[in-house]
Amino acid sequence: METQNNRAPQKSTWSLISGLLFLGLGSYIVYRYFFEEETISVLRLVLSIAMICYGAFRLYNYLKAE
């Protein structure tokens, strides 16, 4: 017999917290670069943009879960 697990993904508090943290920290670094004219390496800027994308992805998963 084969059992399938067809449960809907549940909301995880960790997804919410990590999504907000990644989104907030990445946004802060990008804000400092563009508006406060702080010198930031290109690698750090790219990583902060990746953090924003990952944070948005985590929040999207949290909001879509039941």
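Buried residues account for 24% of the 66 residues in this protein, which is shown here as a predicted model. The surface that the protein exposes comes to about 5,500 Å², and carbon and sulfur atoms supply 62% of that area.

The protein contains 2 helices and 0 strands. The table sets out the two helices, H1 and H2, with the span expected for each and the distance between the end C-alpha atoms.

| Helix | Residues | Number of residues | Expected span | End C-alpha distance |
|---|---|---|---|---|
| H1 | 13–35 | 23 residues | 33 Å | 32 Å |
| H2 | 42–64 | 23 residues | 33 Å | 33 Å |

For H1, the distance of 32 Å agrees with the expected 33 Å, because the expectation rests on 1.5 Å a residue; for H2, the 33 Å between its end C-alpha atoms agrees with its expected span as well.

Which residues of each helix are buried? In H1 they are Ser15, Ser18, Gly19, Gly26, Ile29, Val30 and Arg32, and these buried residues pack against H2. In H2 the buried residues are Leu45, Ser48, Met51, Gly55, Arg58, Leu59 and Tyr62, and what covers them includes H1. When reading such lists, it helps to recall that an α-helix has 3.6 residues a turn, so residues three or four places apart point the same way.

Just after H1, Glu37 takes a positive phi of about 55 degrees. Finally, among the contacts between residues at least 6 apart in sequence, 71% join residues that are at least 24 apart.

Notes
Residues are numbered from 1 along each chain as its sequence is written. This is a predicted model: local features need pLDDT of at least 70, side-chain atom pairs count only at pLDDT 80 or more; totals for chains, interfaces and linings use all residues. Side-chain values use heavy atoms; hydrogens and water are left out. Helices (H or I, at least four residues) and strands (E, at least two) are DSSP runs, numbered from the N terminus. Buried means under 20% relative accessible area, exposed over 50%, partly exposed in between (1.4 Å probe, protein chains only). Contact means heavy atoms within 4.5 Å. Accessible areas come from the Shrake-Rupley method with a 1.4 Å probe; for residues, only the protein chains shown count as cover. The expected span of a helix is 1.5 Å times one less than its number of residues.
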